[in-house]
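Biologist: Got a minute to go through this model with me? I'd like to talk about packing and rings.

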Amino acid sequence: MRQVLIAVAISLAVSILLTPTLIRMFTRQGFGQEIREDGPPSHHTKRGTPSMGGVAILAGIWAGYLGTHLVGLAVDGVGPSASGLLVLGLATALGGVGFLDDLIKIRRSRNLGLNKTAKTVGQISAALLFGILVLQFANPEGLTPGSDQLSYVREISTVTLPPVLFVLFVLVLVSAWSNAVNLTDGLDGLAAGSMAMVSAAYVLITFWQYRNACATSPGIGCYNVRDPLDLALIAAATAGACVGFLWWNAAPAKIFMGDTGSLALGGIIAGLSVTSRTEVLAVVLGALFVAEVTSVVIQIIAFRSTGRRVFRMAPFHHHFELAGWAETTVIIRFWLLTAIACGLGVSLFYGEWLSAIGD
């Protein structure tokens, strides 16, 4: 637990101290956010707010993770794990795609950055590389960072995917989560606050897996996860970095995370879900992100098939704004929904463990 607290402290400090530096630097450079012309009228005042704040989030996560391991090396000689580096590598690669997208938006003074093809190719490349590598690097017990068996709270032995299908499954997961967080990042602090809660839930889950790992505590209900403590450090560092960034991103935001942050955070969820064997449970924990991307899919299908819109505007947080809700009201209520979803997800996780040891 001491290592988890160190990861939170370092990432929080780096994020909260680096973000105002980025605000000043991006403001001098004119790196301001462009706003959709068809968006809620209240958002037009946000035009010119510095973007690409996701750089501070990624820096905080890496600092928290590596800083904790520097302390750990001095104590027990244990360094970063394959699982941890793969998850952070995925997040960083997606953050790089987002950074290019943000930079093009800023340079060309428009709300569209990379074209759909280039952005999709970048996401697919990162996902494919992660999907292939996550089945490598077996430890002495034979565990790899990922498993070719579909997982809810632990592996479902009756559902084993061939390697090609597993990689395609990872591709879908990475694309879905990165786009879902990206779509949620439309209101001040909504994505950062929600992601902090999801990450905190993953701290509890992965730390519990570490305390009940089959490698160190074999028995009924143990977990076959390769590096659960390292995953807890990543989740803790992510939570700390998001909270530090939220200090400056809360309404009225002084900086936006941009695609740099949202795509990277989506990669964190996808990576943690695969390496902790909780791909299905992640849907519950990240229910808000799932709802946001689902609202867009519903809107597109409804409009193309009937010519009518289900929501005033998608993603559906804008629907409530156009219905008269204040932006802060939408944000706080959506945070509450995220807290409920995270509480439910952790309860389902713990309930499954109780059921396993009861059997």
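Here is the chat on one residue, then on aromatic rings.

Modeller: Sure, but this is a predicted model: local features need pLDDT of at least 70, side-chain atom pairs count only at pLDDT 80 or more, and totals for chains, interfaces and linings use all residues. Residues are numbered from 1 along each chain as its sequence is written, and side-chain values use heavy atoms, with hydrogens and water left out.

Biologist: Okay. Is Val 167 buried or exposed?

Modeller: Val 167 is buried, at 14% relative accessible area (buried is under 20%, exposed over 50%, partly exposed in between, with a 1.4 Å probe and protein chains only).

Biologist: And what is Val 167 in contact with, leaving aside neighbours within four places in sequence?

Modeller: Leu 128, Gly 131 and Ile 132, where contact means heavy atoms within 4.5 Å.

Biologist: Switching topic: how many aromatic pairs are there?

Modeller: The structure holds 10. Rings of Phe, Tyr and Trp (its six-membered ring) pair if their centres lie within 6.5 Å; planes under 30 degrees apart are stacked, over 60 edge-to-face, the rest tilted. Phe 316 and Phe 320 have ring centres 5.7 Å apart and planes at 65 degrees, so that pair is edge-to-face.

Biologist: What about Tyr 350 and Trp 353?

Modeller: Their planes are at 25 degrees and their centres 5.8 Å apart, so they're stacked. Tyr 350 is partly exposed at 39% relative accessible area, while Trp 353 is buried at 14%.

Biologist: Which residues form one aromatic cluster?

Modeller: Phe 311, Phe 316, Phe 320, Trp 325 and Phe 334.
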